[in-house]
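The following exercises concern a single model and are each followed by a worked solution. Please inspect the sequence and the structure before reading the solutions.

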Amino acid sequence: SSADVEARKKGMGGKYFLTLVAALVMVTIFGWLLMVTRVMTLAQGLKLALLVWIAFTVAPFLSNVLFEGKRWRHFFITTGYYFVGLVLTTGIFLAPS
């Protein structure tokens, strides 16, 4: 009903804000990880991004598909979002000056 839609819309601003904060935390921590592991090349950074993504995103979100009945499409959209964030962070931190 329209009341349900309006109720969902009401809290969206706070949800978007928390999503932004979480993304900034992820980018900051991954940037720190790139520095402490002394990753120097883009290829090394992308490899680290892939490994971090598999370990901390793919593995936990896989249970949503296997045990909660979420669709694979949802899995790929959600995990892909995190992968893009890691790849962009790698590019920002390791871009040639």
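**Exercise 1. Determine whether Asp4 is buried, partly exposed or exposed, and place it in the chain.**

Step 1. Buried means under 20% relative accessible area, exposed over 50%, and partly exposed in between (1.4 Å probe, protein chains only). Asp4 has a relative accessible area of 45% and is therefore partly exposed.

Step 2. Asp4 belongs to helix α1, residues 2-10. Helices (H or I, at least four residues) are DSSP runs, numbered from the N terminus.

Step 3. Between the C-alpha atoms of Asp4 and Lys47 the separation is 44 Å, and the two residues are 43 residues apart along the chain.

Two conventions apply throughout. The model is predicted, so local features need pLDDT of at least 70 and side-chain atom pairs count only at pLDDT 80 or more, while totals for chains, interfaces and linings use all residues. Residues are numbered from 1 along each chain as its sequence is written, and side-chain values use heavy atoms, with hydrogens and water left out.

**Exercise 2. Identify the residues of the largest nonpolar core and the helices that supply them.**

Step 1. A nonpolar core is a set of buried Ala, Val, Leu, Ile, Met, Phe, Trp, Tyr and Cys residues joined through side-chain atoms within 4.5 Å.

Step 2. The largest such core has 12 residues: Phe30, Leu34, Val39, Leu48, Ala49, Val52, Trp53, Val58, Val65, Phe75, Leu86 and Leu94. At least two of its residues come from each of α2 (12-36), α3 (42-68) and α4 (72-94). The most is given by α3, with six residues.

Step 3. In soluble globular proteins, nonpolar side chains tend to be buried together.

Step 4. Consider one member, Phe75. With neighbours within four places in sequence left aside, Phe75 is in contact (heavy atoms within 4.5 Å) with Val58, Phe61, Leu62, Val65 and Gly80.

**Exercise 3. Describe the largest pocket by its volume, its lining and the classes of its lining residues.**

Step 1. On a 1 Å grid over the protein atoms alone, a pocket is an open set of points where a 1.4 Å probe fits, with protein on both sides within 12 Å along at least five of seven lines; lining residues have an atom within 4 Å of a point.

Step 2. The volume of the largest pocket is about 160 Å³, this being the space filled by probe spheres set on the points, which are joined across faces, edges and corners.

Step 3. Its lining consists of Val25, Met26, Ile29, Phe30, Leu33, Val52, Phe56, Thr57, Tyr82 and Leu86. While α2, α3 and α4 each supply at least two lining residues, the largest share, five residues, comes from α2.

Step 4. By class, the lining holds nine nonpolar residues, one polar residue and no charged residues. Here Ala, Val, Leu, Ile, Met, Phe, Trp, Tyr, Cys and Pro count as nonpolar, Asp, Glu, Lys and Arg as charged, and the others, Gly among them, as polar.

Step 5. Thr57, one of the lining residues, lies in helix α3. At 8% relative accessibility, Thr57 counts as buried. Beyond its neighbours within four places in sequence, Thr57 is in contact with Val52, Thr79 and Tyr82.

**Exercise 4. Characterise the aromatic pair of Phe61 and Tyr82 and the cluster to which it belongs.**

Step 1. Rings of Phe, Tyr and Trp (its six-membered ring) pair if their centres lie within 6.5 Å; planes under 30 degrees apart count as stacked, over 60 as edge-to-face and the rest as tilted.

Step 2. The whole structure contains six aromatic pairs. That of Phe61 and Tyr82 is tilted, at 5.9 Å centre to centre with 35° between the planes. This pair links distant parts of the chain, with Phe61 in helix α3 and Tyr82 in helix α4, 21 residues apart.

Step 3. Tyr81 and Tyr82 form an edge-to-face pair, 5.2 Å centre to centre and 75° between the planes. Together, Phe61, Tyr81 and Tyr82 make one aromatic cluster.

Step 4. Phe61 is partly exposed at 22% relative accessibility, Tyr82 is partly exposed at 28%, and Tyr81 is partly exposed at 44%.

**Exercise 5. Locate Arg38 and state its phi value.**

Step 1. Arg38 lies in the loop between α2 and α3, and its relative accessible area of 67% makes it exposed.

Step 2. Its phi is near 55°, a positive value in a residue other than glycine.
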